[in-house]
Amino acid sequence: MTARLGEILVSERACSYGDVREALQNQAIFGGRLGTNLLELGAVTEAALAHALGTRTGAPPLFGDLPPDPAALRLLDARLADRWDVVPYHVAERRLAILTRDPADLRMLDEVAFATSRHVHPFVVPEARLWRTLRSAYGLDRQVRGFPGERIKAEEAPARRVATGPDLMDEAGFDALYGRVGLQAPPPPAPPPADDLPVEDLLEPIEPEPPPLSPAVLDGLMRAHGHAPPAALPAGAALPPPVLARAPAPEPSPLAFAEALRFLEGVGERGAIARTVLRYARSKFRRAVLLTVRQGEAHGWAGLGAGLTDEAVHRIRLTLATPGVVATVVSSSAPYVGPLPKTWANVRLLKDLGGGVPKSALLLPVLALGRVVNVLYADNGRGEQVNAGDLGDLLILGTRIAQSYEVLVRRAV
């Protein structure tokens, strides 16, 4: 029987059992694979994780910055890269090295080999590295997770408030603010001088990680037997059609309060929690978004309502170090009902939601593992109020959500 990834990492002393348990708890709430959550906790290095994945899968591992060969990228279009979470990395004559998190997936290997007419050689990489490479190579919508030092950079807010004057604003005032706020990040601060480094860094300098495999080594590995292109794809495995503009899928029907409570009782995975919460919220509000809170950030997870798309929701990324209603709700672990103060973070949030300044909004924290892990944001659109009386049922729903998370965590560990 193949050893589990956590067992391999612990046996190689790359992390502890406690680290694996904490990562499994985070996985139940935040999704992603175990390795991604371990990276995010800082419990393992990317090199150690990659080598453990290689041990588990039997495929050669890669890690670190992995810019693909442009000639290899041209062999596979974004549709298949998106479908299989795979990146063509290096091409040599009739052989193609690919980056994947599932090197033993025969359907993936068949389709990639068939589409490229190459013998495919899979290299395993951590999920977080693969997501990052898919974003940079194809512009595909993938989460940025697992690399704490590379979180929100291009969208960081100024540390000060962006406007003076009263916190409460009208539509014209906020819309005018949109035109005045520069939303680009300030330049990153210079690294501290050596004298300011922590004592432990001076005593124990960080050892550089070994570089990834060179093209010469890749060429040598690729001389081994690869996955040959099949003569034809199995029935039902036809290549996906070209991406065409199509109407969005119809929104699911709203849920009544009693229905939402019943659905949460039998929830089996985190996606079902999001769907249930948002369907209930749509029975009360014009638009609603669930934000995930971790590592000092809040970013969009799922949403329903006027003008919201998955792409728009996933673009929402707020640093909690910047004043705003989301940061306030997270720091206080308390709900908020009222108008939105004039801060950079609130401007950024409303722009990502598609604009339109509501007279008031409602935000509800969702707690698990002793901390806020989600924030539900809801409003009724441009110039409209929310009903503060809806908060009572939402507070009950928030408690049930926390209980559902507890069930998922117990199953995970």
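Two strands count as paired if DSSP finds at least two bridges between them. Helices (H or I, at least four residues) and strands (E, at least two) are DSSP runs, numbered from the N terminus.

This is a predicted model, in which local features need pLDDT of at least 70 and side-chain atom pairs count only at pLDDT 80 or more, while totals for chains, interfaces and linings use all residues. Residues are numbered from 1 along each chain as its sequence is written, and side-chain values use heavy atoms, leaving out hydrogens and water.

**View 1. The whole protein has 17 helices and nine strands.** Of its 413 residues, 47% are buried (under 20% relative accessible area with a 1.4 Å probe, protein chains only; over 50% is exposed, and in between is partly exposed). Take the contacts (heavy atoms within 4.5 Å) with a separation of 6 or more: 66% of them link residues 24 or more positions apart. About 20,400 Å² is exposed, with carbon and sulfur atoms supplying 55% of that; the areas come from the Shrake-Rupley method with a 1.4 Å probe.

**View 2. Six strands make an open, antiparallel sheet in the order S6-S5-S4-S9-S8-S7.** At the edges sit S6 and S7 (336-338), each pairing on one side only. Neighbouring strands are turned by 20° against each other on average, direction ignored. Two helices pack on this sheet. H2 touches S4, S8 and S9, and its direction makes about 10° with that of S9. H17 touches S5, S7, S8 and S9, at about 25° to S8. For these angles, axes are lines fitted to C-alpha atoms (for helices, over the stretch in contact), and values run from 0 to 180 degrees between N-to-C directions.

**View 3. Here is S5 (residues 297-305) with its partners, and nine of its nine residues are buried.** S4 (residues 287-294) pairs with S5 in the antiparallel sense over eight bridges. Look for Val-289, whose bridge partner in S5 is Gly-303, and for Arg-294, which is bridged to Glu-297. The two strands form a hairpin with two residues between them, and Gln-295 in the turn has a positive phi of about 55°. S5 also runs antiparallel to S6 (residues 317-319), joined by three bridges; one bridge pair is Ala-298 and Leu-318.

**View 4. The largest nonpolar core holds 36 residues.** A nonpolar core is a set of buried Ala, Val, Leu, Ile, Met, Phe, Trp, Tyr and Cys residues joined through side-chain atoms within 4.5 Å. Ile-273, Leu-376, Leu-394, Leu-397, Ile-401 and Tyr-405 touch the most other members. Elements giving two or more residues to this core include H2 (17-30), H13 (270-281), S9 (371-379) and H17 (391-412). Beyond its neighbours within four places in sequence, Leu-376 has contacts that include Val-277, Val-289, Leu-363 and Leu-394. Another core, of 27 residues, lies apart from this one, with Leu-73, Val-87, Leu-96 and Met-108 among them.

**View 5. A three-stranded open sheet runs S1-S2-S3, with mixed pairing.** S1 (86-92) and S3 (119-124) are the edge strands, and the twist averages 30° from one strand to the next. S2 (residues 95-100) and S3 run parallel, joined by six bridges, and Leu-99 has Phe-123 as its bridge partner in S3. Helix H8 (residues 127-138) lies across S1 and S2, at about 75° to S1.

**View 6. Helix H15 covers residues 325-332.** Val-325, Val-326, Ala-327, Val-329 and Val-330 are buried here. Ser-333 follows the helix, and its phi is positive, near 55°.
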